Amino acid sequence: MLTEINFDGLIGPTHNYAGLSPGNLASAHNAGAVSHPRAAALQGLAKMRANLDLGLAQGIFVPLARPDGDWLAELAIDGAAAEPHLRAAAWSASAMWAANAATVSPSPDTADGRTHLTVANLVTMAHRSHEWPGTLAQLRLAFADARHFAVHAPVPPPFSDEGAANHMRLAPYHDAPGLEIFVYGRAGGRFPARQHVEASKAVARRHGLDPARTLFVEQAEAAIAAGAFHNDVVAVANEHVLFAHEAAFADPEASHAAIRAAMPEAEIITVPADRVSLADAVRSYLFNAQLVTLPGDAGMALVLPTEARETHAVWSWLTELVAGNGPIRRLVPVDVRQSMANGGGPACLRLRVVADPATVDPRFLLDHARIDRIAAVVEGHWPEAIAPGDLADPALAERVVTARAAVLDAMDLGELD
Ligand code: SUG
């Protein structure tokens, strides 16, 4: 039985605010603030619980080994002597944003009938460029069943790839053949364009996608300049529904026409800029929602950040949306403020994989009892707070290494050590 499983990144014990992502307005704004890793991880786990309570399948990825001494060693840097920006890059907990872990093409879309995953190279940002080896090891374990999955190494640089955050899939149902839409940016604007079109095309070829059901759509430069450093800050898709801001794509009319031509049953819900400005969309992250299909005949829900409720123009538009007769019927606000302060909303924190849960390594799947066990480790081991200067503290380094080991132990995932 093919089901959509949301794999959330457990927020790691090194979660901190170092302002490492130019073009990500929240990250820049909160640079130097004191973070709260324990509260952050518990917020993420509460979101996973809320998804289970909605009747959805839920998975998890574990934090990567940080600080990344191997990466510093490759740079010939002794950890203790690292300059602050490189030290922060070695410490980053950025793998929490699992939407950037990989691009996923479910089995109904691929030539060989397997689910294909390509780990993202994340080469645009130094602190994210060394995530892929740890992520790849984890994906190869979670999706080890080669009859059902093919896990690919990253696309080679310089073609930057940020994974599922710039990829959408429209399908009548999750388990039917779908239309895969790759959204790329054009370099030269105010902020970096993080998704290179050649990376997207390489992923589509590797996954064996049907060209008739594959689109490459350019992201609007104005959206990137307004802080939409990934497409999932201004658009989200689920089954036959695309929910997007009017200013998400460079040529909205042509993009919508191409989508409708490839998939006539697609329903495109566009939020007009005169109701919700790009600035409010980026501030509230209403599109960085998990648009999910509820079990039974309950329609779709948007699992969105509480910031969306606090932004008046956004909430009034959404309230009208769910009061209408459309497919989106429910709004589920979740508090992921610690992640939001680094530019990561509910959708950033998860990677969607359409698969039969029975084919996934069960250690990566969650129920309430497993969440309880992980939460207990977080309560016992995650630092309460991290200030920027703390990253130079050897005692903290020791503590976060022990914290990660404790969670690997609790999840029986010692081989990831
Ligand atoms: O890559 N923030 C992440 C946020 C990623 C959000 N993901 C999606 N939109 N799918 C990023 O910019 C901030 C790290 C810092 O500043 O310390 C950071 O990496």
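A salt bridge here is a side-chain nitrogen of Lys or Arg within 4 Å of a carboxyl oxygen of Asp or Glu, and by that criterion this structure, which is a predicted model, holds 19 of them. Side chains of opposite charge can pair when their charged atoms come close.

**The whole chain**

Begin with the cartoon of the entire protein, in which 15 helices and 15 strands can be traced. The radius of gyration is 20 Å, close to the 22 Å that the globule rule gives for 417 residues, so the protein is as compact as a globular protein of that length. Along the principal axes, the C-alpha atoms fill a box of roughly 60 × 45 × 40 Å. Of the contacts with a separation of 6 or more, 77% are between residues 24 or more positions apart.

**Surface and charge**

Switch next to a surface view, where the accessible area comes to about 15400 Å² and carbon and sulfur atoms account for 55% of that area. Buried residues make up 58% of the 417 residues. If you then colour the charged side chains, you will be looking at 31 positive and 47 negative charges, whose mean positions are 1 Å apart.

**First stop: K47 and D8**

Select K47 and D8, which form a salt bridge whose closest N and O atoms are 2.8 Å apart. This pair links distant parts of the chain, since K47 lies in helix α2 (residues 37-53) and D8 in strand β1 (residues 3-9), 39 residues apart. Both K47 and D8 are buried.

**Second stop: E162 and R194**

Move on to E162 and R194, where the closest N and O atoms of the salt bridge are 3.1 Å apart. Here, too, distant parts of the chain are linked: E162 sits in the loop between β5 (149-152) and β6 (167-170), and R194 in the loop between β7 (179-184) and α7 (197-206), 32 residues apart. Are these two side chains buried or exposed? E162 is buried, with a relative accessible area of 0%, and R194 is buried as well, with a relative accessible area of 3%.

**Third stop: D335 and R337**

Now select D335 and R337, a salt bridge in which the closest N and O atoms are 3.8 Å apart. D335 counts as partly exposed, because its relative accessibility is 37%, and R337, with a relative accessible area of 35%, is partly exposed too.

**Last stop: a network**

Finish by selecting D109, R169, D210 and R213 together, which are joined into one network by salt bridges that share partners.

Methods:
Residues are numbered from 1 along each chain as its sequence is written. This is a predicted model: local features need pLDDT of at least 70, side-chain atom pairs count only at pLDDT 80 or more; totals for chains, interfaces and linings use all residues. Side-chain values use heavy atoms; hydrogens and water are left out. Helices (H or I, at least four residues) and strands (E, at least two) are DSSP runs, numbered from the N terminus. The radius of gyration is taken over C-alpha atoms; the globule rule is 2.2 Å times the number of residues to the power 0.38. Buried means under 20% relative accessible area, exposed over 50%, partly exposed in between (1.4 Å probe, protein chains only). Contact means heavy atoms within 4.5 Å. Accessible areas come from the Shrake-Rupley method with a 1.4 Å probe; for residues, only the protein chains shown count as cover. Lys and Arg count as positive and Asp and Glu as negative; His and the chain ends are not counted. The place of a charge is taken as NZ of Lys, CZ of Arg, CG of Asp or CD of Glu.
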